[in-house]
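Visitor: I should like to go through this model with you, beginning with the chain as a whole and then turning to its interior. Please state the cut-offs as they arise.

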Amino acid sequence: MANAQTTQRSAHHDTYARHATQAQAIVSTLGAHNKTVNVVMTTLCSSQALRAQGGPTSSHRAIAVRAALAMLGIPYSWGGGGPTGPTYGIGRGARTRGFDCSGLTEYAWSQAGVRIGTTTYEQWRVGSPVPKGKISPGDLVFYETDPARSGPDHVGLAISATHMVNAPHTGAVVRIDPINRTGYLAAIRL
């Protein structure tokens, strides 16, 4: 995480500085000890093994949240990002290296060894619904921003009961936003 923070400070120092304290507080409240997280990161479980164990653990959730927080300040790129990190997108994102919403959530969970799919629609089907009042770090939070299309078309990664890491739209950067916003559809827990 230190390398990601160094990159954030140099490439997008204003954005990182605005969120550094909040990000550190959130990571601390997850109760993940660095030693435990490092052991889990070096022995990542496959998706099948996680299902056999009953799903991702709090350590997996902490890894996903840390991975998403490390990307604060990275540009939004439509169609960008995936399991290995930011990429050049497609269409209007073709000239920007970064993440779209589902690319960011896919990246975060892949760092914990969990495959959740590439698109918002695939990710919508990977877990179980969670009541809005029970959202916790690592949950996927879905929105319907285009009423002409049925189903979710945007996703963020919850970092608390009230906030998420979000890759919002072209021209923006990965940032922390409130979960309670227009178009909220549901939350899914892996």
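Visitor: What percentage of the 190 residues of the protein chain count as buried?

Guide: The model is predicted, so local features need pLDDT of at least 70 and side-chain atom pairs pLDDT 80 or more, while totals for chains, interfaces and linings use all residues. Residues are numbered from 1 along each chain as its sequence is written, and side-chain values use heavy atoms, leaving out hydrogens and water. Buried means under 20% relative accessible area, exposed over 50%, and partly exposed in between, with a 1.4 Å probe and protein chains only. Of the 190 residues, the share that counts as buried is 48%.

Visitor: Which helix supplies the largest share of the largest nonpolar core?

Guide: A nonpolar core is a set of buried Ala, Val, Leu, Ile, Met, Phe, Trp, Tyr and Cys residues joined through side-chain atoms within 4.5 Å. The largest one has 31 residues, and Met 71, Trp 109, Leu 140, Val 165 and Val 174 touch the most other members. Helices (H or I, at least four residues) and strands (E, at least two) are DSSP runs numbered from the N terminus; helix 5 (58–69), helix 6 (101–110), strand 4 (140–143) and strand 5 (154–158) each supply at least two residues of this core. The largest share, six residues, comes from helix 5.

Visitor: How many of the 12 residues of helix 5 are buried?

Guide: The buried residues of helix 5 include His 60, Arg 61 and Arg 66, as well as Ile 63, Val 65 and Leu 69. Helix 5 is mostly covered, and its buried residues number 10 of 12.

Visitor: How are helix 5 and helix 6 oriented to each other?

Guide: In helix 5, His 60, Arg 61, Ile 63, Ala 64, Ala 67 and Ala 68 meet Leu 104, Tyr 107, Ala 108 and Trp 109 of helix 6, contact meaning heavy atoms within 4.5 Å. The axes, lines fitted to C-alpha atoms over the stretch in contact, with angles from 0 to 180 degrees between N-to-C directions, come within 7 Å and cross at roughly 135 degrees. Angles under 35 degrees count as roughly parallel, over 145 as roughly antiparallel, 65 to 115 as roughly perpendicular and the rest as oblique. The two helices, helix 5 and helix 6, are therefore oblique.

Visitor: How far apart in space are Leu 72 and Arg 175, C-alpha to C-alpha?

Guide: Leu 72 lies in the loop between helix 5 and strand 1 (87–88), and counts as buried at 2% relative accessibility. Val 165 touches both Leu 72 and Arg 175. Leu 72 and Arg 175 are 103 residues apart in sequence, yet their C-alpha separation is 5.3 Å.

How values were computed
Lists of a residue's contacts leave out its neighbours within four places in sequence.
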